Each structure stands twice: as C-alpha cells, then as structure tokens.
Amino acid sequence: MTVPVTNGPHPLAELSRPEFLQARDAVIKIHGASQPLFFRAIYLQEPAKAELLPFLNAEHSGNLTDSTPRPIRAASVEYDVLLADAQVFHRAVVNVTTGQIVSNQAIPRANNAYPHFNVTEFQLFEGHCMKSEKFQEALKEYTIPEGFEYCIDAWPYGGPDEDDGINKIMQGLVFVRDARKNNPDTNHYSYPIPLIPVMDWATKEIIRIDRLPTGGLEDGMEPSVASKVPRDIFAKSVPAEYVPELLDVPARTDLKPLDVVQPEGASFKIHPDNLIEWQKWRFRLSVSPREGAVLHDICYDNRSVLYRLSYSELTVPYGDPRAPYHRKQAFDFGDGGIGRAANSLKLGCDCLGAIHYVDAHLAGPDGTPTKLDSVVCLHEQDGGILWKHTNYRTDRGVVARMREFVVQFIGTLANYEYIFAFKFDQAGGITVETRATGMVSVVGIEDGKTSKYGNVVAPGILAQNHQHIFAVRIDPAIDLFGSSDSNGHTQVVVEESHPHKMNPDTNPYGNYYEVRRRAIERATWVDAEARA
C-alpha cells in the first residue's frame, strides 16, 4: 500500500501535532460528536516492512527523490466506545494525509482479552476505592496512627476467574502515609495494610476485598481472617524516607564536584525528523507509548545493521504462592506502557554533559495530544579504555579511550524505576542496558516472623522474592541494502560456548570447550541466560 507523496515527512518521523489531531478527529467523526469516547493511545503506525524497504533502499543508495513512492502516513488509534453498560475497545488505523479510516476493529472480550490500562485509569483507581462502602468497612479491621492517610497503588489483575465476570478488573495494594510531615513525598511503602480491593473497571464497583496472608515460615497458605476487633499492625513500624528534606541523616557532603564538560559541544547531530548521526552510526528515533524509545534503520559506516531495535516487554513475577499473590505479576509494557510512564529527564540528575532531549506526545482521554517533555536523552560518555597495548620491550603503551553514545529513557511503574539505555561505541558495538532502582514492592508480615517467600527488610515489612525479566526485540538487517548475497538475504548466527566433561579420548586434560554456532532461519526467541 504505497502512494507517491511529494515533499512529505519521512515515513518513520513522529506524528506531527496536526497529524495527531487528524487521527483523533477522524475517529470522532465516524462515531459522532455525541458518542462518548475514551482515547488510550494515538501514535505512528509504522509502515509494513515490505512497503518501507523500497523507500529505504532509495534513501541509502542516494536515489531518493520527491517522486519516490512512500508508504502512507498512518496513525494507530486505540480507544473505548463508552456505552451505558459496557466499554468496547477499538483499534483503528487512520490515514493522516487524507483523514480516511484505513481499518477499525472492535476487539471482542472473548478469551479474557482486554486493553492496556491508561495512566488516567491508574490515577482514578484510588478515588473509586475510597468511595466504596465495602472497602471502608474492611479498613476498620486495622487501626492506623493518628495523622496518617490512606494511599493505594493500582496494579493490573492477572486474568479474571470465572466468578469475576467478563469486564476488566483492577486491584490495588493498600498503604498509609504520614501526613503529619506536610510533605506529599513521604514514603508510604513503610506501612502496608494486608488488604487488596478488587474493582470491576466497567462499573467502578469494588467486587470484593482480598485478605492477605501475613504469616511466616511456620504458618500455612491461608490469608488472614477478617478481625472484628481493630488490629494495630504498625506499633513497631519505622519510616523509610528518601526525599532529602525528610532524611534523619543528612546527605553526604564530602564529595567534591565532578563536572562533565564538553566545551565544543556534543559530537552527534540531530536532524529535525529525528535522524541521528554519531561517528559512523546513523539511525532514526521514535517514542512509542508502549515501548518507549524505538530505534529504526540502524547503520554503521553506510552498512545496514538493524532494521528495528526496541524493548518489547518487561514482566515481574513474584514468587509467593499464597493467594492472592499469584496475581502479583505485572507486564509493565503490555499492561501499563513504559512510554506512557516515562520520566521527564533533568540535566545534572538523570543525564550529564552536553545533552539533547526528545519530547513525546501522548493522547489525553479526549484524544488531545499532551506533550511530555524530555522523555529521552541523548548524550556521550566516557566508557573507559577501548583498546590498549604496551610493548614490553620498549615499555611504550598506546591507549584509545572508549567514547559511547547513549540513548536513554526512564520509566516509573508504581514503586520501581527502570533505566533503559542503548549504547553505541566506536568499535561497531551496540549494548542494550537495563537497570532497576526505586523501591522494592513490599507486603506486611507479622512481627517477629520470617518467611521463605522473601526477606524481612524492616519490622513488619516483607520484600517478596521476585524476578525482572526483560525482552528485547531485535530485527536484524545486516547489509540488507546492497548485500553481497545475490538473493539479498542476511543471516544471523547465535554463538555459544559449551563445556565438555573430561574423558581420555577427546578432553583428557579438561580444558576443551566447544563453540556451537546456530543459524537463525526464522523469527524466534533467544534466551540470554548464562549456562553453568
């Protein structure tokens, strides 16, 4: 589906504000202005690979002209139609040049298929809970210190049971915070209450309150029993503040300044359509509400390397088998969207040096583009020694420093911050780096007890065992344009080292290991787990 378009934006360029509004208005038009809609996301619909490759081939070969056929400029629009008794989720594709609807599919709720949660939904959940009489009654089972206030972290709900109905379900972890400190950033994770409200998002009703197990090693799997007498579970609790003005111990003052200075500016170049050039690297950058930073058409020294590179999912399974903790497993990209949760980055805190920031636009509930400032930062950093050799005969050493170009974004999902970075170096290497920081997710445990499901990190506080599993989507394109392969094909090989046991015939001294190479013939997964 390609049409000749002259003097238009690059097919991989982000949606402009007029294009964003064109997509929204096209959807509103087909439903009528009186039909309530809830917009979840509006973003660039990436062209199909088969449609984009001829354009990229002309671009790489220097034959790109105004008459070069281009894929249509399209937007993906995800939204709900709000009916009296239900919400119907739609996925539409809109031609933002003509305003025509290319496709529009209502997603059935069969097989427990539900749309992702919107930031607005996470924000509104606490208010709906606090209005519930059922939830207010459950809160009476516990006493809280004077001057404390309730706060609830909204969480996705892992697959409804048959009794939950067909609507989308949300759950929440309940805490209290010390409001006496007159600081909205006081840390509530020190004070968990062992209750989880479960809400039907369509009706905004709390359908039940789950009681949480708070026992230790010697106790069973059962949750705590509702108490008729209010229990004081915070008698030995201690605060765990993190904002500087609330710390009992002042921040360190014995570090002298460390300045990252680039007096002649940065060595990279950013073009208006987010084409980025640094050293021998060249690629395009976009920001997806689901994936965050996405890199396209990555080339090194005029040779194609990757067609597309992004993170695709992050899941955090918790290893506590006691109900209802089996539902405590987030899919932070699919359920929440790391692009929607992206931080606005700040110079001197998140990034150092000569920084270029990239903004993004997300859809508000009414489809209006809402600007997020500085969600991706681009910068150079010193990466230590790239190469060194010393001639031991003359004692002369020759060394080259490693300069890295970094594309970085950070997302906050409730208690966790995730730092994602794509690092390009001068030796043709790409490193994909993830770091986790923020707060560990905690629940309550009875005083003096220990658990095989986690570690007691403070009185009455259990940090459950869990994992962070990251998935990276890699679409290779080694020499895709002008390939030495007569068929224009490229091949990716996975290479692994495997140990061999000692034996008198093939490994008599135990030093042999085998290098195994496996050609990737089709789209598949590769486990990056190190082998013992």
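Ile 410 has Ile 419 of β23 as its bridge partner. This pair belongs to a contact between strand β22 (residues 396-413) and strand β23 (residues 416-425), which run antiparallel and share 10 bridges. Strands here are DSSP runs of E with at least two residues, helices are runs of H or I with at least four, and both are numbered from the N terminus. Two strands count as paired if DSSP finds at least two bridges between them.

The structure is a predicted model, in which local features need pLDDT of at least 70 and side-chain atom pairs count only at pLDDT 80 or more, while totals for chains, interfaces and linings use all residues. Residues are numbered from 1 along each chain as its sequence is written, and side-chain values use heavy atoms, with hydrogens and water left out.

**The sheet around β22**

β22 and β23 are part of an open sheet of five strands in the order β20-β21-β22-β23-β24, with antiparallel pairing. β20 (356-363) and β24 (430-438) are the edge strands; each has a single partner, so one side of each lacks a neighbour in the sheet. On average, neighbouring strands of this sheet are turned by 30° against each other, direction ignored. The angle is taken between axes, which are lines fitted to C-alpha atoms, for helices over the stretch in contact; angles run from 0 to 180 degrees between N-to-C directions. In general, strands of a sheet pair through backbone hydrogen bonds, either parallel or antiparallel.

The table lists three pairings of this sheet.

| Strands | Bridges | Opposed residues |
|---|---|---|
| β20 and β21 (residues 369-391) | seven bridges | Tyr 357 and Cys 377 |
| β21 and β22 | 12 bridges | Trp 387 and Ala 400 |
| β22 and β23 | 10 bridges | Ile 410 and Ile 419 |

The hairpin of β20 and β21 has five residues between the strands, and Gly 367 there takes a positive phi near 90°. In the hairpin of β21 and β22, four residues lie between the strands, and Asp 395 in the turn has a positive phi of about 65°.

**Unusual backbone in loops**

Most residues other than glycine have a negative phi, and most peptide bonds are trans. Lys 204 has a positive phi near 65°. This residue sits in the loop between β11 (195-200) and β12 (205-211), and its relative accessibility of 31% makes Lys 204 partly exposed. Buried means under 20% relative accessible area, exposed over 50%, and partly exposed in between (1.4 Å probe, protein chains only). Asp 301 also has a positive phi, of about 55°; its place is the loop between β17 (292-300) and β18. With a relative accessible area of 42%, Asp 301 is partly exposed.

A cis peptide bond, with omega of about 5°, joins Ala 323 and Pro 324. Pro 324 lies in the loop between β18 (303-317) and β19 (329-331).

**Pocket and cavity**

Rolling a probe the size of a water molecule over the atoms shows where empty space is left. On a 1 Å grid over the protein atoms alone, a cavity is a set of points where a 1.4 Å probe fits but cannot get out; a pocket is an open set with protein on both sides within 12 Å along at least five of seven lines, and lining residues have an atom within 4 Å of a point. Grid points are joined across faces, edges and corners, and a volume is the space filled by probe spheres set on the points.

The second largest pocket holds about 1000 Å³ of space. Its lining has 37 residues, and Tyr 189, Thr 412, Leu 413, Ala 414 and Asn 415 lie nearest the centre. Two or more lining residues come from each of α3 (119-130), β8 (148-156), β19, α5 (332-336), β22 and β23. β8 gives the largest share, six residues.

Four cavities of 30 Å³ or more are found in the whole structure. The largest cavity has a volume of about 150 Å³ and a lining of 15 residues, including Gln 87, Arg 109 and Lys 168. Strand β5 (residues 87-95) contributes the most to this lining, with three residues.

**The whole protein**

The protein has five helices and 30 strands. Its C-alpha atoms fill a box of roughly 80 × 75 × 60 Å along the principal axes. Of the 532 residues, 42% count as buried.
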